[in-house]
Amino acid sequence: MDEAVEVAWLDALPFDEAVRALSACCASSRWSRALATGRPYRTWAALLDAANEAAAELEWTDVLEALCAHPAIGSRADGESREAAWSRSEQSGMDGAARQVADRLAELNLTYQEKFGHVFLICASGLPAEVMLRALEHRLRNDAAAERLATRAELTAITRLRLERLLAAGAQGQAQAPLQAEAQAQGVGTA
């Protein structure tokens, strides 16, 4: 799919739909509203710049709002939402993890939450469980200020990955919509 088509799909959404779609990328209402308000972007580079700027301008309370949508590493996101499916995919490195690794991650997740007051966040896409565990062990040594910076960086990385997925899925759906409408008009089922 063409980058311009992907961005044009987002640019064309009504405001409320854009906010809902963007909230699957980052659950901060301030972030999704800022992105929806800033349209049209026309290019991926312009959209990415705006997404990064909006993330950098989030207050810590906005970051905490976004973190509430992320399950602990090793926990499976429930539901059929796009965001839940993405989360399960991103944490697929936990599938088949050795019991000791999974148990240690669960234990340290609790230690992390007690120390910092929020879920441990890591852009887990493509990472095996052992790497996530080492990252968690390392970040537990951070002080609160350093960990806020690390958490913001991970949130920004996850948001970018999800924004790419959102645009691809949205543009794909937009491209298929005329075909589905035509097939329905002709009484032909679509898969």
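Leaving aside neighbours within four places in sequence, which residues is H118 in contact with? The legends below take up this question and others in a predicted model.

**View 1. Surroundings of H118 in the loop between α7 and α8.** Leaving aside its neighbours within four places in sequence, H118 is in contact with W60, L64, L67, Y112, Q113 and T151. The residue lies in the loop that runs between α7 and α8, and H118 counts as buried because its relative accessibility is 8%, where the cut-off for a buried residue is under 20%. One of its partners, Y112, also belongs to the set of α7 residues that make the contact with α8.

**View 2. The chain as a whole, as a setting for the close-ups.** The secondary structure comes to nine helices and zero strands, so that the order of elements from the N terminus reads α-α-α-α-α-α-α-α-α. The chain has 191 residues, of which buried residues make up 40%. Among the contacts with a separation of 6 or more, 70% are accounted for by residues 24 or more positions apart.

**View 3. Packing of α7 against α8.** Two packed helices are described by the angle between their axes and the distance between the axes. For α7 and helix α8 (residues 129-139), the angle is about 30° and the axes are 10 Å apart, which makes α7 roughly parallel to α8. The crossing in which α7 passes α8 is left-handed. On the α7 side the contact is made by V101, R104, L105, L108, N109, Y112 and F116, and on the α8 side by A129, E130, M132, L133, L136, E137 and R139. Within this contact, L105 is a residue of helix α7 (residues 99-116) and counts as buried, at 0% relative accessibility. Although L105 and M132 are 27 residues apart in sequence, their C-alpha atoms are 8.1 Å apart in space.

**View 4. Helix α4 and its buried side.** Helix α4 (residues 44-56) has 13 residues, which at 1.5 Å a residue should span 18 Å, and the distance of 18 Å between its end C-alpha atoms agrees with this. The buried residues of α4 are W44, L47, L48, A50, A51, A54 and A55. They cover an arc of only 160° around the axis, and therefore lie on the same side of α4. D49 and A56, by contrast, are exposed and are found on the other side of α4. As background to such patterns, an α-helix has 3.6 residues a turn, so residues three or four places apart point the same way.

**View 5. Helix α3 where α3 packs with α4.** Helix α3 (residues 29-37) packs with α4 at an angle of about 145°, and the two axes are 9 Å apart; the crossing in which α3 passes α4 is right-handed. From α3, the residues W31, A34 and L35 meet L47, A50, A51, A54 and A55 of α4. The buried residues of α3 itself are W31, S32, L35 and A36. Seen down the axis of α3, these residues fall within an arc of 125°, so they line one face of the helix.

**View 6. Backbone details in the loop between α3 and α4.** P40 has its place in this loop, and the peptide bond that joins R39 and P40 is cis, with omega of about 5°. R42 is also placed in the loop between α3 and α4, and its phi, near 70°, is a positive value in a residue other than glycine. Most residues other than glycine have a negative phi, and most peptide bonds are trans. With a relative accessible area of 58%, R42 is exposed.

**View 7. A66 in α5, and the buried face of α2.** A66 is found in helix α5 (residues 60-67) and, because its relative accessibility is 0%, counts as buried. Not counting residues up to four places away in sequence, A66 touches C26, A27, S28 and L155. The C-alpha atoms of A66 and C25 are separated by 9.4 Å, while the two residues are 41 residues apart along the chain. In helix α2 (residues 15-23), the buried residues are A18, V19, A21 and L22. Their arc, seen down the axis of α2, is 165°, so they line one face of the helix.

Definitions and conventions:
Residues numbered from 1 in each chain as written. Predicted model: local features only at pLDDT ≥ 70, side-chain atom pairs only at ≥ 80, totals over all residues. Heavy atoms only, no water. Helix = DSSP H or I, 4+ residues; strand = E, 2+ residues; numbered from the N terminus. Buried < 20%, exposed > 50% of the residue type's maximum accessible area, 1.4 Å probe, protein only. Expected span 1.5 Å × (residues − 1). Arc of directions from axis to C-beta. Axes fitted to C-alpha atoms, helices over the stretch in contact; angles between N-to-C directions. Parallel < 35°, antiparallel > 145°, perpendicular 65-115°, else oblique. Left-handed = near helix turned anticlockwise from the far one by under 90°. Contact = heavy atoms within 4.5 Å.
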